[in-house]
Amino acid sequence: MTNQEQKQEQKEVENSTAKTRQLLGMKGAASGETNIWKIRLQLMKPITWIPLIWGVVCGAASSGNYTWNLENFLMSAACMLLAGPLMAGYTQTLNDFYDREIDAINEPYRPIPSGAISIPQVVTQIVVLLLAGVGLSYLLDLSAGHDFPIITMLCLFGAFLAYIYSAPPLKLKQNGWLGNYALGSSYIALPWWTGHALFGELNLTIVILTLFYSFAGLGIAVVNDFKSVEGDEKLGLKSLPVMFGIGTAAWICVLMIDIFQAGVAAYLISIQENLYAVILLLMVIPQITFQDMYFLRNPLENDVKYQASAQPFLVLGMLITGLALGHAGV
């Protein structure tokens with residue numbers, strides 16, 4: 001194979017990778033997509049659905065009442081559809097709508113700043129996803145036999161939180177602490193509460209513990225801020241990397257992730273779930289390793305590599321915690 005053929009092949013691979021990143025909503029994407037349904041999917045950022053879907057699984061586990069039968073499987077699948085494609089899709093589309101100016105600086109290949117989709121089409125998508133989410137949440141309440149529509153209320157609360165996170169005048173994402181905690185709790189606590197409420201009775205202990213766990217989610221949310229430092233500085237957004245600098249913000253990020261997982265393990269020990277606590281702590285060790293290998297050394301270049309390497313251990317730890325809580329009957 002000649003050098004020219006090798007370069008052509010490498011270019012084709014890079015273009016394919018860039019298109020895949022664009023479809024999933026990842027950093028390092030490419031513009032130029034013309035299929036409207038693929039563009040709509042890009043706005044919904046499918047890569048972000050995974051932790052919410054997983055949160056539903058953790059909530060079902062913590063309820064202690066999930067049994068493997070067709071009815072429960074279909075209900076859990078519907079709940080994952082609610083948390084992931086519908087509500088996370090709504091949140092991401094809404095965020096892209098209000099971030100179109102900053103995306104023009106940081107990620108000009110995104111569908112809105114690139115002109116691939118019109119503003120009225122984006123607004124329609126936001127409304128349709130929200131209405132579908134609320135409708136499905138009400139059906140889940142009916143299926144679970146709830147006297148009070150708690151899943152519907154959680155859905156509406158999540159929609160409201162997404163709005164004040166992205167939209168003025170509050171625009172919580174302008175504040176590095178409030179915005180990232182709102183994001184972290186939305187990715188951990190809200191789907192967890194929903195899965196738990198679907199198969200059990202949501203209680204104060206579960207609410208408090210998952211809100212505590214969400215401080216680790218705050219650390220994960222900070223990781224996403226490093227790709228937007230330039231645009232955040234220009235538009236005056238107070239993300240943690242902007243407020244504290246790259247190095248300090250990276251340390252804040254990893255300490256939040258590790259310390260609060262260790263705190264959850266300590267709680268599991270306090271309720272005599274020692275084996276689960278040890279397994280959870282073992283899940284933290286590879287996260288610390290990848291933090292040292294990738295993230296702390298160069299958070300701007302290695303954010304995606306770090307997330308791909310470390311986050312599987314974080315989400316496995318969440319499931320371990322859910323199983324422990326279900327086993328303990330919390």
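Buried means under 20% relative accessible area. Keep that cut-off handy for these exercises on a predicted model.

**Exercise 1.** Work out how many disulfides the model has, checking Cys 58 and Cys 253.

*Solution.*
- Step 1: grab the cut-off. A disulfide needs two cysteine sulfur atoms within 2.5 Å.
- Step 2: try Cys 58. The closest cysteine sulfur belongs to Cys 79 and sits 12 Å away, so a bond is out of reach.
- Step 3: try Cys 253. Here the closest cysteine sulfur is the one in Cys 58, at 20 Å, which is again too far for a bond.
- Step 4: tally up. The count comes to zero disulfides.

**Exercise 2.** Are Cys 58 and Cys 253 buried or exposed?

*Solution.*
- Step 1: Cys 58 has 0% relative accessibility, so it's buried.
- Step 2: Cys 253 has a relative accessible area of 0%, so that one is buried too.

**Exercise 3.** Describe the largest pocket: its volume, its lining and the helix that gives most to it.

*Solution.*
- Step 1: the volume is about 1300 Å³.
- Step 2: 47 residues line the pocket, with Ile 47, Thr 48, Tyr 187, Asn 224 and Gln 307 nearest its centre.
- Step 3: the largest share, nine residues, comes from α14.
- Step 4: sort the lining by type and you get 19 nonpolar, 17 polar and eleven charged residues.

**Exercise 4.** Now do likewise for the second largest pocket.

*Solution.*
- Step 1: its volume is about 200 Å³.
- Step 2: the lining includes Trp 68, Phe 73, Met 80 and Leu 319.
- Step 3: α4 gives the largest share, four residues.
- Step 4: by type, the lining has nine nonpolar residues, one polar and no charged.

Definitions and conventions:
Residues numbered from 1 in each chain as written. Predicted model: local features only at pLDDT ≥ 70, side-chain atom pairs only at ≥ 80, totals over all residues. Heavy atoms only, no water. Buried < 20%, exposed > 50% of the residue type's maximum accessible area, 1.4 Å probe, protein only. 1 Å grid on protein atoms, 1.4 Å probe; cavity = no way out; pocket = protein on both sides within 12 Å on 5 of 7 lines; lining within 4 Å. Points joined across faces, edges and corners; volume = space filled by probe spheres on them. Helix = DSSP H or I, 4+ residues; strand = E, 2+ residues; numbered from the N terminus. Nonpolar A, V, L, I, M, F, W, Y, C, P; charged D, E, K, R; others polar.
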